[in-house]
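Trainee: I'd like a close look at one part of this protein, the charged side chains that pair up inside it. Could you walk me through them?

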Amino acid sequence: MDGYFASRLHHQLRDQVRYFAELEVRPRIPAMEAARSVHHELSRLIARQGWLGATISRKYGGMGAGHLAKTIIIEELSRVSGAMGAMVQASQLGAAKIVHFGSAAQKDAWLPAIAAGDCLPTIAVTEPESGGHVLGMAATAVRDGDDYVLNGRKVYVGNSHVGDLHGVVVRTGPGSRGLTAFLVESDRPGFRIGEQRPTMGLHGFSFGELFFDDCRVPATHRLGEEGDGLAVAYSSSVLYGRANLTAVSLGIHQAILEETTRFCAERERYGKPLHALPSIKIKLGQIQSRLMTARLAAYHAVHLLDEGMDCDAELMNAKLINVESAIDSARNAMEIHAAAGLFTDRPIERFLRDAHHIFAPAGTSDIQLLRLGEVALGTTKGQWSHRLSPVVRREEGVRDTLEAPPEAHPPSATRVPRQPSRCGTRT
Ligand SMILES: Cc1cc2nc3c(=O)[nH]c(=O)nc-3n(C[C@H](O)[C@H](O)[C@H](O)COP(=O)(O)OP(=O)(O)OC[C@H]3O[C@@H](n4cnc5c(N)ncnc54)[C@H](O)[C@@H]3O)c2cc1C
């Protein structure tokens, strides 16, 4: 059913990512589940396939493949491992702020390294006391000559423990125009990461704490102007965060259906496969129906983004539908598995745990519903997709790519990940 939006090139990309995920990611899942901590080597290996650069223009060495291609990459990785889907989306999200708000020098310095997979960027907005209330943040940056000095703490930052370049939004003044974004390398004095705390799921991914203690960054590391921080945070979340997390949920949802139908065919009750029971077949039908609706919502929203059309509401709805329906289907799948689903030799309990992690980032379902309520009432404050559409089309090279194949590097079991390198140019 993805033929409605996807071209032959998208199908090729899907095949490439699926092949890689089966070959390189699936065998590592038991180790990731056992360790319950970030998987550095696999994160680097995935980054070096070039997929962080899905929406980075070819001018900077990116794929310039657009948002539907990005969705397919995340979906296929998440079908095998929600953690690795979350990993790749977090750094694709981290790249967006440089694409949209970076200076020519910042783009030259960072985008080629990100596209090549040598640099994993993040975006760090959330704080312990602010959460979804972005303007409640308290971390600060104070100008000191040609530098800024950053102090404060960020939490739940995707790729916190594997990131090389953190895009940090902090306070430089009061009110909504008092937020400013900076690029901070992970080896800068005054910066440190917190200890990785165990989580319920997404094992292999990290979303932890960043600390800034008199961390000095040059003014040339400021993204945009002072006061642009709220726009950096919102546009990244609305245009990339919602789409990306939608894709993680979609991949997990697909895995739930595949695993559950396989289980129903193998398990016998009353001398027949389990799916011969009408109640089981109805639950499978519910999962199938939700998945079809979720995929349609996901692909439609990013297709509009690729076409340069207004789509903020579609992106919100896609996130809402995908997160909620994946969680509902995970519950149905657990019911179908009954006791067997509770043992960790089957992946279904992992899918349930991982599906819950996609609820909070880029806005909880209540936040999406509040914003959709504003759409219904005609009280929205403008569309990020409208405002940034010219930038998206110019900087991401979407048009180019619809006419030429998005080439991902072929997966190779023998490709040895290079050691993490410092990305960009220290100034
Ligand atoms: C897997 C994962 C990855 C993440 N990645 C990143 C990242 O890369 N960078 C980053 O900065 N952050 C990241 N986050 C943090 C994420 O953005 C926050 O979790 C999110 O903003 C919600 O904040 P909170 O969890 O503190 O919940 P809160 O904002 O404290 O919300 C608590 C409850 O209150 C409700 N609520 C909040 N505000 C309202 C409102 N106005 N009206 C009605 N109800 C409301 C919520 O729906 C929720 O039920 C990530 C989180 C997770 C789980």
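Mentor: Let's fix the term before anything else: a salt bridge here is a side-chain nitrogen of Lys or Arg within 4 Å of a carboxyl oxygen of Asp or Glu. Keep in mind that this is a predicted model. The average pLDDT is 91, and 90% of the residues score at least 70. One stretch to treat with care is residues 399-422, where pLDDT stays under 50.

By that definition, the structure holds 25 salt bridges. Start with Arg295 and Glu75, whose side chains meet in one of them, at 2.7 Å from N to O. Arg295 sits in helix H8 (residues 278-306) and Glu75 in helix H4, so this pair ties together parts that are 220 residues apart in sequence. Glu75 also takes part in a salt bridge with Arg14, with the closest N and O atoms 3.5 Å apart. That pair links distant parts of the chain too: Arg14 belongs to helix H1 (residues 8-25) and Glu75 to helix H4 (residues 66-80), 61 residues apart.

Now, how exposed are these side chains? Glu75 has a relative accessibility of 1%, so it counts as buried. Arg14 is buried as well, at 10%, and Arg295 is buried with a relative accessible area of 11%.

Another pair to click on is Arg188 and Glu185, which form a salt bridge at 2.6 Å, N to O. Arg188 is buried at 8% relative accessible area, and Glu185 is buried at 3%. Going back to the earlier group, salt bridges with shared partners join Arg14, Arg18, Glu75, Glu76 and Arg295 into one network.

For contrast, have a look at Lys319 in helix H9. Lys319 is buried but has no salt bridge, and the nearest side chain of opposite charge, Glu324, is 7.9 Å away. What Lys319 does have is a polar side-chain atom 2.9 Å from the backbone oxygen of Gly363. Beyond its neighbours within four places in sequence, Lys319 is in contact with a set of residues including Arg242, Thr246, Phe359, Pro361 and Gln368.

Helix H9 (residues 312-337) also holds Glu314. Glu314 is partly exposed, at 28% relative accessibility. Not counting residues up to four places away in sequence, Glu314 touches His300, Ala301 and Leu304.

Conventions: Residues are numbered from 1 along each chain as its sequence is written. This is a predicted model: local features need pLDDT of at least 70, side-chain atom pairs count only at pLDDT 80 or more; totals for chains, interfaces and linings use all residues. Side-chain values use heavy atoms; hydrogens and water are left out. pLDDT is the predictor's confidence in each residue, from 0 to 100. Contact means heavy atoms within 4.5 Å. Helices (H or I, at least four residues) and strands (E, at least two) are DSSP runs, numbered from the N terminus. Buried means under 20% relative accessible area, exposed over 50%, partly exposed in between (1.4 Å probe, protein chains only). Lys and Arg count as positive and Asp and Glu as negative; His and the chain ends are not counted. A polar contact is a pair of N or O atoms within 3.5 Å; within protein, one must be able to donate a hydrogen and the other to accept it, and residues adjacent in sequence count only if both atoms are side-chain atoms.
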